[in-house]
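User: I have a structure to go through with you. I want the reasoning behind each label, not just the label.

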Amino acid sequence: MPAAPEVASDPLLDTISGAVSASQESPTVMRIGVVTQIIEGSQITVKISGSEVLINCSYLFGQYFPLVGDRVIVFKQDSQWFCIGQMSGEIGSNNDLTNSSFEQGTVPNTPTGWSINVISSGAGVPTFETANPGATVVSGKQIADFGTDSVGAGTSVADVFSAAIPATAGSNWVAAYWLIGAFIGSVPPQFSDLDFFIQFLDNTSAVIVEYNINSFSIGVDILSLLYRRIDLTAFPAGYVQAPANTFYARVKFTGTFRLPAVSFASFFLDNVILRQVD
């Protein structure tokens, strides 16, 4: 049997291999902290073991953006910190909202702890229903379908409310939600809107003030996940503050559906967050 041919060495590869072998990488340290401030899209302040650190963001899940109060995983090498993303786990452990992922309730009824108030029905009566998509969800197995099927052309508007939870004057609150997708069967295309509010209520459950913290419009189908958090341009602190005489807080979605005859529009929602932060 002939001898195997000798493979000539590559000087460049030998040099790189030697350099890598000789280098001493600094150890990487992992920590878990809580987001206390959002500086911009790529920088956040995270409290780790009682100390606040300015950290650059490098998220594994591209649709995620930090929210004040998020528990995040961060890494440090040398003097540089990086945030990888939010910890996974039960959403209710860091969320004050009841039935935030719509697991309580049967298809196709209104989710437990949520309510809908129809304001107008020119394009059909809007509904807010528990749904089982059998596909992408963020938490659990069920989502909420907020939409309407039109008979005649027109505009329909409805408000959807979460259950109210205790709050106190001067406390700070954040909110966000996942848009699992949106379908619009509108020919010719017309826009439908989804506005997201934090409301503060007094001891009689009357609304003292509400903040529109995020607005979204569709004119075509949305087939990907979108994380809709408090608008940092309008609310640069990353939260809103409860006014005097506040006893409760809740979130509200307002859907405005502009449709031609015999069409439809739906927003698919999951994992709504309402959280008090320091």
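Analyst: Start with Phe257. Its relative accessible area is 0%. Buried means under 20%, so Phe257 is buried. Keep in mind that this is a predicted model.

User: Why is Phe267 called buried or exposed?

Analyst: The value for Phe267 is 0% relative accessibility. The cut-off for buried is under 20%. Phe267 therefore counts as buried.

User: What makes Phe257 and Phe267 an aromatic pair, and of which kind?

Analyst: Their centres are 6.1 Å apart, and rings pair if the centres lie within 6.5 Å. The planes are at 50°. Under 30 degrees would be stacked and over 60 edge-to-face, with the rest tilted. Phe257 and Phe267 form a tilted pair. Phe257 lies in strand S16 and Phe267 in strand S17, so the pair ties together parts 10 residues apart in sequence.

User: How many aromatic pairs are there by this rule?

Analyst: The count comes to 14. Another pair is Tyr177 with Phe253, with centres 5.1 Å apart and planes at 80°.

User: Why is the pair of Tyr177 and Phe253 called stacked, tilted or edge-to-face?

Analyst: The plane angle decides. Edge-to-face needs over 60 degrees. Tyr177 and Phe253 are at 80°, so the pair is edge-to-face. Tyr177 sits in strand S11 (residues 172-185) and Phe253 in strand S16 (residues 248-259), so this pair ties together parts that are 76 residues apart in sequence. Both Tyr177 and Phe253 are buried.

User: Which residues form the aromatic cluster?

Analyst: Phe257, Phe267, Tyr177 and Phe253 are among them. Phe102, Trp114, Phe128, Phe146 and Phe196 also belong to this one cluster.

User: Why is Phe264 called buried, partly exposed or exposed?

Analyst: Phe264 is in strand S17 (residues 264-277). Buried stops at under 20%, and exposed starts at over 50%. Phe264 has 37% relative accessibility, so Phe264 counts as partly exposed. Together with Phe183 and Leu223, Phe264 forms a nonpolar surface patch with about 310 Å² of accessible area.

User: What makes Ser162 buried or exposed, and what does its side chain reach?

Analyst: Ser162 has 5% relative accessibility, so Ser162 counts as buried. The cut-off is under 20%. Ser162 is in the loop between strand S9 (154-161) and strand S10 (165-166). Its side chain reaches the backbone nitrogen of Val251 at 3.0 Å. A polar contact needs N or O atoms within 3.5 Å. Beyond neighbours within four places in sequence, Ser162 is in contact with Leu97, Gly113, Trp114, Arg250 and Val251.

How values were computed
Residues are numbered from 1 along each chain as its sequence is written. This is a predicted model: local features need pLDDT of at least 70, side-chain atom pairs count only at pLDDT 80 or more; totals for chains, interfaces and linings use all residues. Side-chain values use heavy atoms; hydrogens and water are left out. Patches are made of residues with over 30% relative accessible area and no salt bridge: like charges are joined within 9 Å, nonpolar side chains (Val, Leu, Ile, Met, Phe, Trp, Tyr) within 5 Å. Accessible areas come from the Shrake-Rupley method with a 1.4 Å probe; for residues, only the protein chains shown count as cover. A salt bridge is a side-chain nitrogen of Lys or Arg within 4 Å of a carboxyl oxygen of Asp or Glu. Helices (H or I, at least four residues) and strands (E, at least two) are DSSP runs, numbered from the N terminus. Buried means under 20% relative accessible area, exposed over 50%, partly exposed in between (1.4 Å probe, protein chains only). A polar contact is a pair of N or O atoms within 3.5 Å; within protein, one must be able to donate a hydrogen and the other to accept it, and residues adjacent in sequence count only if both atoms are side-chain atoms. Contact means heavy atoms within 4.5 Å. Rings of Phe, Tyr and Trp (its six-membered ring) pair if their centres lie within 6.5 Å; planes under 30 degrees apart count as stacked, over 60 as edge-to-face and the rest as tilted.
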